[in-house]
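Trainee: Hi, could you go through this one with me? I have a few short questions.
Mentor: Sure, put it up and ask away.

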Amino acid sequence: MNEMFDLAIVGAGPAGLAALIAAGEASEQRMHIALLDNRPQPGGQYYLQPPLAFQPLAFQPPAFQPPHRSAVHHRAEAQAVFARAQAIDACRLLDTDVWNISPLKQGGWQLDLRMPDGLGRLEARGVILAVGAYDRPVPFPGWTLPGVMTAGAVQNLLKSQGVLPGQRIVVSGSGPLSWAVAANLVEAGAHGVALLEAAPRLLRRALPHGMALWGQWARVCEGIHYWRVLRRARVPICVGWAAIAAHGEQEVRAVEIARLAEDWSPLAGVENRRTLEADTLVVGYGFTPATQLSRLIGCRHVLDPSGQYDIPVRSSEMASSQPAVWIVGDGARIGGAALAQIEGQIAGLAAAGALGFLKPDHTQALINRLHRSLRREQRFADMLAALFTPRAGWYALAQEDTLICRCEDVSLGKIKAAVQSGAQTVNEVKGLTRAGMGFCQGRLCGDSVARVVHAVHRSPVRNRSAAPEPATPRPPLWPLSLTELSAPIKQVTPACRPSKPA
Amino acid sequence: MRIIPNSPLAPAARGAPLTLWIDGRPVTAFAGETLAAVLFVEGRRVIYRPAVDGTSTRPRGVYCGMGICFECLVWVETPVGTGDDSHLRAVRACLTPVESGMRIHTSRPNPSQPRSND
């Protein structure tokens, strides 16, 4: 059994790092932990780091003054988290994709990996999934044009690479991230930024939620900072408006915007439409949890109360329906980094307890204390979801010729035809049209296809009224090349030295 | 465009300068940058992907920017003599760091075309 890890943590963002720290610091004996992430550095999208080559010396003081208190706070927080995580003895496998997880006969799980130098695998008694989320894909006419990109993509370019995506930029989204991205674009030197906040009648709807802001002072300060940056730069801010189409031959040249009705459908009439000249359109309408791994290993899922996506069923200790699998953070339910960190701590402690590294009563006491802050963060997350979650009208932007599956060039018209000719499930549409068979494995088109299936059949599948079951994930979850498949597979063991090829 | 140095968002430092080839043209970049970042800096954000029917190409570009969507796939020439006969490797521009001497293509080069030599 010494070939086996005690715990594998998939994802080194806020949730995964919190789980690592909690499990590592609380354990009474040495626990063999593997920490895996597909990026070359830990931190995820929230503690986004510049590449290593941009940091000639470790812990070099920043060459500039961070622009505001919350940024200073954010950086200090990131450094503190990295320092505590670094102190935990764990096998760190970065730049590594987990493309399959399967149960072992003797208990525990096998993880199949793609590492920088080839394929690998490891075995672990328990698994914490902390894989995060990605920007929710919303198809609209022109969304495949170069220059249309997600808020997450722009954040990566700005904060990790120090590169501006364009000059005349329309930011269209809902929620705090698009405000932050617009302010960051201004601070980075973009000249023509316009911000569209899609949520209609935001202020009036926000008032009843005012109390959820109590105690969230750092967030309030950050919001005020962004607002001041945008005001100072005279950035037009249109609340209740959103981009409904991008135009251009080879890349974005113009963006069509519209005022939205209560159900988020674009209002007709010239007074509710404008066309803006722009070279870049940034879109961000919330996030979709990456549930491919949790669905692949057979964890039970239900539809989130917001009706937007599937979430794994979890106990109060973040345990999934599969043995020794805990799921935390935005990959389980969208709630942001603060909530993800608390969930990560709970799962880290629960895993350490369940695997025999902590006394059970001690574990429970620690977890109970965390549940109070969990509820506070959950209230804040619920407020954001109530205010900024897109409504049904928003998913009707695509026209017959708009591509839904970008990988395999499948239009809305083709998907509708497949459903009308009898396809009852997302899997059947996939078989008929190839939608979801491409490189992204349906991560971008899956929800859209499910909506078409539901709109035509209106039949509750799996006793759910809002959307049919997503396509079944199949390994490999990430495309592998034949060169990679033909090379020997390395076994990764707690000694963290890949053993001789098996 | 790289962010101007006096911006609060400018990186503290960049890596060492290096040269790579984009569609046959030499381009200066800095270690640590991704291919996607360099494509944006060079104003070459349009990637021509073969359509599924195989007869035409379609303009695409960086969409998700974090390795999910595969829309930013570009073709990298594999170095001569590595025993890799495939000649070209498709990589996600948003995740792949630049390397000195790298030759990348934003549209799929004709397979019969001879490999470019230094």
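Trainee: Over residues 498–502 of chain A, how many contacts beyond four places in sequence does the model have?
Mentor: The model has six there, and pLDDT (the predictor's confidence in each residue, from 0 to 100) stays under 50 over that stretch. Contact means heavy atoms within 4.5 Å. This is a predicted model, in which local features need pLDDT of at least 70 and side-chain atom pairs count only at pLDDT 80 or more, while totals for chains, interfaces and linings use all residues. Residues are numbered from 1 along each chain as its sequence is written, chains are lettered from A in the order in which they are written, and side-chain values use heavy atoms, without hydrogens and water.

Trainee: And what does pLDDT do over residues 57–66 of chain A?
Mentor: It stays under 50 there too, with eleven contacts beyond four places in sequence in the model. Where pLDDT is low, the predicted coordinates should not be read in detail. Chain A averages a pLDDT of 90, though, and 93% of its residues score at least 70.

Trainee: New topic: how many residues of chain B are in contact with chain A?
Mentor: 42, and they touch 56 residues of chain A.

Trainee: What area do the two chains bury between them?
Mentor: About 4100 Å², 61% of it on carbon and sulfur atoms. Buried area is the accessible area (1.4 Å probe) that two parts lose on being put together, summed over both.

Trainee: How many salt bridges are there between chain B and chain A?
Mentor: Five, where a salt bridge is a side-chain nitrogen of Lys or Arg within 4 Å of a carboxyl oxygen of Asp or Glu. One of them joins B:Arg60 and A:Asp409, at 3.3 Å from N to O.
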